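Visitor: Please give me a close look at one part of this model: the surroundings of the ligand.

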Amino acid sequence: MTTLGSVTVMPAIEVRNLVKEYGEHRAVDSVSFEIASGEVYGLLGHNGAGKSTTVEILEGHRSRTSGSLSVLGMDPASAGREFRDRIGIVLQSSAVERELTVRESLDVYGSCYSSPRPADEVIAMVGLEEKANARIGSLSGGQRRRLDLALGIIGDPEVLFLDEPTTGFDPVARRQSWELVERLCAGGMTVLLTTHYLDEAEHLADRVGVLVGGRLVTEGTPEQLMAMSPTTTVSFDLPSGIEISALRLPETAERVGHSVRIETEHPTALLADLTSSAVALGVELPGLTVRRPSLEDVFLAIGNEDDR
Ligand SMILES: Nc1ncnc2c1ncn2[C@@H]1O[C@H](COP(=O)(O)OP(=O)(O)OP(=O)(O)O)[C@@H](O)[C@H]1O
Ligand SMILES: [Mg+2]
């Protein structure tokens, strides 16, 4: 809970010491986090890290072993119709009646909510206009996933749970669905997202949490996580007729074929030395690139550390 002056702001989602055991196996191990109203929170982690288990407990679809939860001020384990009315769910794998058409399925799901969005509006939002009258069984994998997203937002939810929403999407559809989520969030919706696409988390999430073996090991904004890895990578192709020793480079420079790659915590000084020595030789450095660590680099580093 956050206090702003005299006003206390309730987070949309509050998780305290959540534990889920499947027999002997502890799939979620004392996880705690909060998601503010209107925030997009990304849960990252390898296969089996406990993402879906956590999300499904928050949706009220799975029981917990222990811990306390609040979603929109309600406990999902005991909440009823009001809770269902205010949340939207995109499961990792859903089961919708294959014989229904896209529009029929949205009408059926919409009728479960007190103030659903019009089916045609949602069909347009996810870009399924051409398939509105197609049977669900005839949709491609990516089109099915778009329908899942449509079913998640048909009830105009305040909190949306997205478990790997864009798996199977082509790159254009992924971009479109990001824009859709951004538009929905601009309207104040809170989102809990799981994804294996780190560019998706980087793009969409205000904050991310990384689960490793059921434990939440790191949490922060994507920028904060990226700042945990201080190295910048500088790379270029060696100009023809120039030996690597002719350029002013640190000993850590690696040469792979014609390419040279250096990881540095001091890119400014390195670039000054490198480019001034190239200019003195009168050569261009083809493909000169400076790359900051991505969320993916940090994620892989966290995973490797844990393996060790
Ligand atoms: N119904 C179940 N019974 C027993 N074990 C389960 C059950 N559901 C999940 N598990 C186990 O709990 C762990 C966490 O699974 P979960 O589905 O939450 O992972 P995830 O992070 O969503 O993985 P993925 O990226 O593959 O979707 C895994 O080891 C999984 O095998
Ligand atoms: Mg999962």
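**The shell around ligand 1**

Guide: The shell around ligand 1 holds three nonpolar residues, seven polar and one charged. (Nonpolar means Ala, Val, Leu, Ile, Met, Phe, Trp, Tyr, Cys or Pro; charged means Asp, Glu, Lys or Arg; the others, Gly among them, are polar.) The model is predicted: local features need pLDDT of at least 70, side-chain atom pairs need 80 or more, and totals for chains, interfaces and linings use all residues. Residues are numbered from 1 along each chain as written, while chains run from A and ligands from 1 in the order written.

Start with the members. Tyr22 and Ala27 belong to the shell. So do Gly45, Asn47, Gly48, Ala49 and Gly50. Lys51, Ser52 and Thr53 continue the list, and Gln92 completes it. Each has its backbone-placed C-beta atom within 6 Å of the ligand. Tyr22, Ala27 and Ala49 count as nonpolar. Lys51 counts as charged.

Now the helix. H1, residues 51-59, gives the most to this shell, with three residues. (A helix is a DSSP run of H or I, at least four residues, numbered from the N terminus.) H1 is mostly covered: nine of its nine residues are buried. (Buried means 20 or more other C-beta atoms, placed from the backbone, within 10 Å of its own.) Lys51, Ser52 and Thr53 are among the buried residues, and these three also sit in the shell. Thr54, Val55 and Glu56 are buried too. So are Ile57, Leu58 and Glu59.

Last, what follows the helix. Glycine 60 comes after H1, and its phi is positive, near 85°.

Technical notes:
Helices (H or I, at least four residues) and strands (E, at least two) are DSSP runs, numbered from the N terminus. A residue is buried if 20 or more other C-beta atoms lie within 10 Å of its own, exposed if 12 or fewer, and partly exposed in between; C-beta atoms are placed from the backbone.
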